[in-house]
Amino acid sequence: GKRRKRAKENDENDEDDLLEYEREYLSKRQQLNADEYKSKATSSSLPKDSVHKVHIGDAKATNAPSCLPKVLPNKVSKGIDQKAPTEDEKIERRRLKKQRQKLRRKEKSEAAKETREREESSREEQQKLSQKAKLDEQAKQKKLRSKQGNQFKTLRKGVQFTDIIVGKGPVVKDRKNCRVEYVLRSKNHISGKIIDSSSNFGFRVGKGEVIQGWDIGMENMRVGGTRRLIVPPLAGYGNRDIGAGKGADLFFNIQLLHVAN
């Protein structure tokens, strides 16, 4: 701070000196012009037309009177000296440059921080929306299972069934060959994981070729119909894990394609 103050005071002193020098120069020139016009005499050192050739700071004014300097400093014409910066000024400039660089780095850091915060907020919002959608789907499935549970009928060994489409063809008969299209899912009939499926599976009813849940659950089913079965472990695969977990209920969608006569 003291260095800047001293430099400022020096610049002000230089400027005052230059202004005083300029005023003295102009005063002398005006006095000479006045004397020249009063005497109406010619002078070899200062012709009449030479008065207009003298310009402040003009190094080429050769007809100037001897009492005036032929060349004035550039400070008089330019007002401020274009001198080389001092060591203190160089130090101050470097300090200001570092300060600006530090400020720019701080602004970039703050901008990057704001961007990260916005991205994190967006991710959190997406996670909340995803979690909400998942909960809504679970509630929907629970409601659907509850609704279906009221429509399901329970048979032997806990096998449950409901007819989605009641067929109009021949009825399934014991010991007869039939063909079906089926999809086996875990957890529910609609969105559960698909464990097994077939578009044309044949077997004989009541001969033990399939799990007991099928022999029990397909009783009185007609060709063209679609039925859903819920087979508990007792009528299925017991505690074996076939993809739905140990001791899990199995959810079948079965469409009856053909029954032999």
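**Figure 1. The whole chain of the predicted model, element by element.** Helices and strands here are DSSP runs, with at least four residues for a helix and at least two for a strand, numbered from the N terminus. The model is predicted. Read from the N terminus on, the elements run α-α-α-β-β-β-β-α-β-β. That comes to four helices and six strands. The protein has 261 residues, and 23% of them count as buried. Take the contacts between residues at least 6 apart in sequence: 63% of these join residues at least 24 apart.

**Figure 2. The open sheet of six strands.** The strands are ordered E1-E2-E5-E6-E3-E4, and their pairing is antiparallel. E1 (153-154) and E4 stand at the edges. Each has a single partner strand, so one side of each is left without a neighbour in the sheet. In general, strands of a sheet pair through backbone hydrogen bonds, either parallel or antiparallel.

**Figure 3. Strand E3 and its two partners, E4 and E6.** How many bridges join E3 to E4? There are eight, and the two strands run antiparallel. E4 covers residues 194-204. Within this pairing, valine 183 has serine 197 in E4 as its bridge partner. E3 also pairs with E6, again in the antiparallel sense, over nine bridges. Here arginine 185 stands opposite phenylalanine 251 in E6.

**Figure 4. Strand E5 beside strand E6.** E5 spans residues 226-231. E5 pairs with E6 in the antiparallel sense, over six bridges. Look for arginine 228: its bridge partner in E6 is asparagine 253.

**Figure 5. An aromatic pair between strands E3 and E6.** The count for the model is seven aromatic pairs. One of them joins tyrosine 182 and phenylalanine 252. Their ring centres are 6.5 Å apart and their planes meet at 55°, so the pair is tilted; the tilted class runs between the 30 and 60 degree cut-offs. The pair links distant parts of the chain. Tyrosine 182 lies in E3 (residues 177-186) and phenylalanine 252 in E6 (residues 250-259), 70 residues apart. Are these two residues buried or exposed? Tyrosine 182 has 8% relative accessibility and counts as buried. Phenylalanine 252, at 3%, counts as buried too. The cut-off for buried is under 20%.

**Figure 6. The aromatic cluster around the pair.** Which residues form one aromatic cluster with Tyr182 and Phe252? They are Phe201, Phe203 and Trp214.

**Figure 7. Threonine 162 in strand E2.** Threonine 162 sits in E2, which covers residues 160-165. At 10% relative accessibility, threonine 162 counts as buried. Leave out residues up to four places away in sequence, and threonine 162 touches Gln151, Phe152, Thr226, Arg227 and Arg228. Glycine 217 is 55 residues from threonine 162 along the chain. Their C-alpha atoms are separated by 9.3 Å.

**Figure 8. The largest cavity and its lining.** A search of the whole structure finds three cavities of 30 Å³ or more. The largest has a volume of about 60 Å³. Which residues line the largest cavity? They are Pro232, Pro233, Tyr237, Gly238, Arg240, Ile242, Ala244, Gly245, Gly247, Ala248 and Leu250. By class, seven of the lining residues are nonpolar, three are polar and one is charged.

How values were computed. Residues numbered from 1 in each chain as written. Predicted model: local features only at pLDDT ≥ 70, side-chain atom pairs only at ≥ 80, totals over all residues. Heavy atoms only, no water. Phe/Tyr/Trp six-rings, centres within 6.5 Å; stacked < 30°, edge-to-face > 60°. Buried < 20%, exposed > 50% of the residue type's maximum accessible area, 1.4 Å probe, protein only. Pairing = 2+ DSSP bridges. 1 Å grid on protein atoms, 1.4 Å probe; cavity = no way out; pocket = protein on both sides within 12 Å on 5 of 7 lines; lining within 4 Å. Points joined across faces, edges and corners; volume = space filled by probe spheres on them. Nonpolar A, V, L, I, M, F, W, Y, C, P; charged D, E, K, R; others polar. Contact = heavy atoms within 4.5 Å.
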